[in-house]
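Hi there,

Here is the structure I promised to pass on to you. Have a look at it first, and then read on for what turned up.

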Amino acid sequence: MKVNVHRPRASRSVVTALSALLLGLVATLITIGSAHAAAGCKITYSTNDWGGGFTANLGITNLGDPVTSWTLEWDFAGNQQVGQGWSGTFTQSSKHVTVKSLSYNGGLATNASTSLGFNGSYSGTNTAPTTFKLNGTTCDGTAGPTPTPTPTPTDPGGDGSHAGNPFAGGKGYVNPEWSAEARGDGGTAVANQPTAVWLDRIAAINGVNGGMGLRAHLDAALSQGAGYAQFVIYDLPGRDCAALASNGELGATDIGRYQSEYIDPIASIMADSKYANLKIVTYIEPDSLPNLVTNVSGNTAIAACQTMQQNGNYIKGVQYALNKLHAISNVYTYLDAAHHGWLGWDSNLGPAAQLFATMAQGTTAGVNSVDGFVVNTANYSPTTEPYLPVNDQTRQSKWVDWNYYVDESSFGAAFRQKLIFDGFPSGIGMVIDTSRNGWGGSSRPTGPSTASDINTQVNAERVDRRPHVGDWCNQSGAGLGARPTAAPASGFDAYAWVKPPGESDGASSAIPNDEGKGFDRMCDPTYGGNVLNGNNPSGALANAPLSGHWFSAQFHQLLQNAYPAVS
Ligand code: BGC
């Protein structure tokens with residue numbers, strides 16, 4: 001791990017083909033909510049005109065209650081005619097245009113946005129329409145009346161039902177092995193923080209090279225009087241299909257071994273009644289399902305990910321893990337949902353939520369087998385960007401690149417709502433891995449910029465100092481982020497340190513090893529990048545060891561640039 005990919009907009013040919021397909025169907029508009037649902041919307045409309053033709057770009061922001069599909073309407077003032085459109089099904093009757101959402105972009109949470117556009121023709125002047133309606137409501141930029149909220153059922157907790165927030169009400173297990181590394185390397189101030197234990201190979205279940213195995217960790221958690229302990233389930237067949245640094249021990253077809261030699265023994269240890277009062281948090285298979293969303297077609301297709309899609313072993317493996325782990329009443333399951341710089345674009349966010357939902361529906365307990373989602377696992381995306389607004393101008397910058405999200409708080413909240421629309425229980429909780437997303441130190445911006453050039457402005461405002469949001473390996477300049485915190489915000493179960501700070505993301509040059517790990521040039525500081533990071537520098541630190549191995553120089557930098565600062 002950890003690769004990041006973006007595909008800002010679905011390719012036009014794909015969208016056009018989809019639109020053409022949908023045009024032949026009679027779409028039924030379904031709007032969620034009661035007759036009293038609050039409605040409200042904001043539309044942006046801009047065109048690039050040339051002799052007789054134009055391209056229009058529209059942005060929809062839903063200011064009302066969540067919707068699962070939308071219809072946008074307007075009347076042209078002149079004689080404009082819509083031609084090819086994308087991200088919607090367009091029909092025009094005289095001056096009246098109707099656009100219906102597609103399957104992947106119909107769900108809009110409150111305050112969520114999506115974009116669409118079309119090529120058109122005109123004569124005379126190309127006057128922009130002034131009035132737009134979304135699902136029948138005129139979009140005047142305000143939210144309608146707020147309906148009485150439906151109370152969310154409160155969770156009594158402690159009944160082994162998975163309900164509630166496992167991070168609340170007890171301290172987190174401190175991994176003594178990580179703690180000793182941190183304390184021995186100048187990190188005494190943070191060495192008492194809970195971090196996740198990565199079960200990154202079959203041998204880790206019993207302990208690698210005399211180190212602690214799963215039972216030893218659970219026993220230590222009991223003796224610490226911990227309320228919860230965290231484990232990363234990370235050994236899928238064909239692991240890390242879009243990168244090389246964390247390729248694993250199991251080949252693409254080794255699903256049988258994954259089930260019987262990896263998940264089964266883990267589940268059997270976790271199910272030991274001795275641990276019944278400990279809440280066991282599992283983070284399931286980072287990067288796997290997000291890779292199936294973005295890295296199987298188009299210009300970001302990667303053969304190893306196509307293989308994992310075709311043989312179904314990522315889906316089968318995750319379903320198997322959920323079936324076994326969810327069945328244990330004190331084990332909590334969090335699926336990895338990448339980060340804003342990967343799934344944040346709306347052409348990725350919708351399909352990702354649908355893939356998660358379809359996958360979960362195929363488990364024994366259906367969508368209830370998932371307790372929540374973790375974002376930013378082992379990544380560097382900030383929890384919040386305090387000085388960088390998302391608006392029509394900043395979205396055009398190279399950094400934002402049309403994304404509606406620039407940080408994990410906004411992405412996590414929006415993705416959570418989308419997941420709930422797609423069928424997940426309303427109680428699902430998000431976790432943000434804040435282990436290395438602090439971006440403090442002397443390079444941290446201190447306020448908004450007044451630069452007139454949009455790229456200069458955005459680059460001066462962003463706290464995320466990476467060359468590109470797709471950079472993921474040992475990022476230079478990063479700092480420790482928020483210390484682990486339970487229930488930091490509504491809908492969020494925790495800020496957690498899932499990636500143990502100080503452990504490398506990958507070697508900066510090829511290092512022979514028996515862990516199955518390859519050399520990924522995204523970890524090489526001299527690399528100029530590829531399509532996945534917009535051909536930008538890798539931003540990686542030099543002299544890095546293999547992924548998972550202690551990287552002292554990185555740990556020192558994380559302490560130095562911690563935000564909040566380490567006292
Ligand atoms: C590595 C694992 C390691 C984990 C936590 C991953 O990138 O592949 O071996 O346990 O990071 O450091």
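How do the residues of the shell around the ligand divide into nonpolar, polar and charged? There are three nonpolar, three polar and four charged residues in that shell. Please keep in mind as you read that this is a predicted model.

Let's start with the ligand. Ten residues surround the ligand, and D200, S246, K499, E503 and K517 come nearest. Some of these reach ligand oxygen atoms through their side chains. For D200, a polar side-chain atom lies 2.5 Å from an oxygen atom of the ligand. K499 places a polar side-chain atom 2.9 Å from a ligand oxygen, and for K517 the distance from a side-chain N or O atom to an oxygen of the ligand is 2.7 Å. On its own, the ligand has 310 Å² of accessible area, and the protein covers 97% of that.

Next, the nonpolar interior. In soluble globular proteins, nonpolar side chains tend to be buried together. The largest nonpolar core here has 98 residues, and the members that touch the most others are L72, W74, F118, F356, F373 and F424. Helix α4, residues 255–270, gives the most to this core, with eight residues. Try clicking on F356: beyond its sequence neighbours, F356 touches residues including L289, P290, F373, F415 and F424.

Finally, find R466 in the loop between α11 (454–461) and β16 (485–489). Is R466 buried or exposed? R466 counts as buried because its relative accessible area is 0%, and under 20% is the cut-off for that word. Its contacts from further along the sequence include H339, Y380, W399, W439 and D471.

Enjoy exploring!

Terms used:
Residues numbered from 1 in each chain as written. Predicted model: local features only at pLDDT ≥ 70, side-chain atom pairs only at ≥ 80, totals over all residues. Heavy atoms only, no water. Near = heavy atom within 4 Å. Polar contact = N/O pair within 3.5 Å; in protein donor to acceptor, adjacent residues only side chain to side chain. Areas by Shrake-Rupley, 256 points an atom, 1.4 Å probe, with all protein chains shown as cover. Nonpolar A, V, L, I, M, F, W, Y, C, P; charged D, E, K, R; others polar. Core = buried A, V, L, I, M, F, W, Y, C linked by side-chain atoms within 4.5 Å. Buried < 20%, exposed > 50% of the residue type's maximum accessible area, 1.4 Å probe, protein only. Helix = DSSP H or I, 4+ residues; strand = E, 2+ residues; numbered from the N terminus. Contact = heavy atoms within 4.5 Å. Lists of a residue's contacts leave out its neighbours within four places in sequence.
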